[in-house]
Amino acid sequence: MSTRGFMMFAYNNEQLDYTQLALVAAYAIKKHMPDYPVVLVTNQQSLEHCKNTHGPLMMAAAFDDIVLTNPEYERNMRLHHDGAYHSFNAQFTNTNKHDIYNLSPFDETILIDTDYLCGNDNLSKLFGGQHDVAMYRDARNLRCEEPFTTERWLHYAGIRMWWSTVVYWRKSEEAEHFFNIWSAVKKNWEYYRFLYKFPGTLYRTDYSASIAAHMCDGWQDGGFIGQIPNFMRYQDQRDDIVEVLGPNHWVMMSNLPEEWKNMVVEIKGEDVHLMNKKSILRNYDKIMENLA
Amino acid sequence: MDDKKLNEALAFANYRLTLQVQRQNIEARVEAALLVSYNGALFKATQELINFVALRVMRNESVLVEDNSTNVITILDSTEFLNLLLAAYDSAMQLKQDEQKRLKSARSTAKIVGL
């Protein structure tokens, strides 16, 4: 029987307590898939902060193991939005995401971002599946609309984007190739940015994973990566939580630049990628109350 | 048209939009509920697949079916597989019916989203 479990990265910065987000994400996994262990990857400083803020009991309930790493500091400032009316810049430490292949203690691993909250047990259906690597290809916002073109394609005449928010893989030669190419893309980011013609300077793991998938597949889209069924539901950074009604039951505000188009949406029984991280932190007590 | 009437009309438009998004979100939940994991493969419990498997079970024949990624999967226990498909289909339809009933009686934007 192969070992199976979930992993997530959490490196705090001045603005965002990623370990607190990881606690929420881990509790959501334990709520809907209690049989699977959760391993946190973090650094010493974030770990100490988490221990001091939330206590070892809460951490033990969330994480079955903690892996300490110390990724080299690389400036990677990211503009975040907290709802429609507030934005801020924060360091985004995601440069060692591809190292997860070597850090994982499991034969089969699902790596999730700390702002991805499970709302059912569908991800567990990936274990023992037909593919060595699987990710989401499609996403829908709260209004069930597709994201902007830059979140679907790396370039209008380029390759399709895979979301690295959730990455499933089975330890295998194929998966190792995938993560090795991801690592090479990271190391030569400027070159691949030029080659695949995508805009911006922010290091995006969605893009590096998409390039690795494309290269691994023989520079084509031939089914090397398994597609996680249906689509990834996401709450945009400009959206917000209105009410937490249950462990997987939300009323959210879907905001647009034109205020008169804002609307409330009910999300129930689904996994949700809550990109507005501060909305999770603001509702931390209520969410944890429902997940505990 | 005075402001009051216009505001009421715009509030109604917002209600209609919320209703439509809610319908689409229910469809998304139904799609997720139709997923069945069997023998390391994922299937969607469609009426077509259910009927095909049921026919093979009735004729006591072996079952080879394509999964969601078009891999051909040998179904070792076709009766068990059929039961899984039926259970997923029934629970998805029950979910859809319950939500549709709730939406039918929701006459305000707040009611639609469960507030």
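1. In chain A, four strands form an open sheet in the order E7-E16-E12-E9, and the pairing within this sheet is mixed; two strands count as paired if DSSP finds at least two bridges between them. Helices (H or I, at least four residues) and strands (E, at least two) are DSSP runs, numbered from the N terminus. The edges are taken by strand E7 (116–117) and strand E9 (139–140) of chain A, each of which pairs on one side only. E9(A) runs parallel to strand E12 (residues 232–235) of chain A, to which two bridges join it, and Ala139(A) stands opposite Met232(A) of E12(A).

2. A word on the basis of this note: this is a predicted model, in which local features need pLDDT of at least 70 and side-chain atom pairs count only at pLDDT 80 or more, whereas totals for chains, interfaces and linings use all residues. Residues are numbered from 1 along each chain as its sequence is written, while chains are lettered from A and ligands numbered from 1 in the order in which they are written.

3. Chain A also has an open sheet of seven strands, again with mixed pairing, in the order E3-E2-E1-E6-E10-E8-E11. Its edge strands, strand E3 (65–68) and E11 of chain A, each pair on one side only. Towards the E11 end, strand E8 (residues 133–136) of chain A is joined by four bridges to strand E10 (residues 163–170) of chain A, the two running antiparallel, and Trp163(A) in E10(A) is the bridge partner of Tyr136(A). With strand E11 (residues 226–227) of chain A, E8(A) runs parallel and shares two bridges; here Met135(A) stands opposite Gln227(A).

4. The side chains of E8(A) deserve a separate remark, since Val133(A) and Met135(A) point one way from the strand and Ala134(A) and Tyr136(A) the other way, and all are buried. A residue is called buried if 20 or more other C-beta atoms, placed from the backbone, lie within 10 Å of its own, exposed if 12 or fewer do, and partly exposed in between.

5. Leu40(A), which lies in strand E2 (residues 38–42) of chain A, counts as buried because it has 27 C-beta neighbours inside 10 Å. Apart from its neighbours within four places in sequence, Leu40(A) is in contact with Met8(A), Ala10(A), Ala22(A), Phe63(A) and Ile66(A), contact being taken as C-beta atoms, placed from the backbone, that lie within 7 Å. Leu40(A) and Leu111(A) are 71 residues apart in sequence, and their C-alpha atoms are 10.0 Å apart in space.

6. Two helices lie across strands of the seven-stranded sheet. H1(A) lies across strand E1 (4–10), E2 and strand E6 (108–112) of chain A, running at about 160° to E1(A), and helix H2 (residues 44–54) of chain A lies across E1, E2 and E3 of chain A, at about 145° to E3(A). Axes are lines fitted to C-alpha atoms, for helices over the stretch in contact, and angles run from 0 to 180 degrees between N-to-C directions.

7. Helix H1 (residues 18–32) of chain A also packs with helix H9 (residues 284–291) of chain A, their axes coming within 9 Å and crossing at roughly 25°. H1(A) is therefore roughly parallel to H9(A), as angles under 35 degrees count as roughly parallel, over 145 as roughly antiparallel, 65 to 115 as roughly perpendicular and the rest as oblique. The crossing is left-handed, that is, the near helix is turned anticlockwise from the far one by less than a right angle, a clockwise turn being right-handed. Gln20(A), Val24(A), Tyr27(A), Ala28(A) and Lys31(A) in H1(A) meet Tyr284(A), Ile287(A), Met288(A) and Leu291(A) in H9(A). The residues of this contact divide into seven nonpolar, one polar and one charged, where Ala, Val, Leu, Ile, Met, Phe, Trp, Tyr, Cys and Pro count as nonpolar, Asp, Glu, Lys and Arg as charged, and the others, Gly among them, as polar.

8. In chain B, helix H2 (residues 47–58) and helix H3 (residues 78–104) pack at an angle of about 150° with their axes 10 Å apart, so H2(B) is roughly antiparallel to H3(B). By class, their contact has ten nonpolar, two polar and one charged residues.

9. Finally, the contact between the chains takes 23 residues from chain A and 24 residues from chain B. On the side of chain A that touches chain B, strand E13 (240–246) and strand E15 (263–268) of chain A each supply at least two residues, and E15(A) gives the largest share, six residues.
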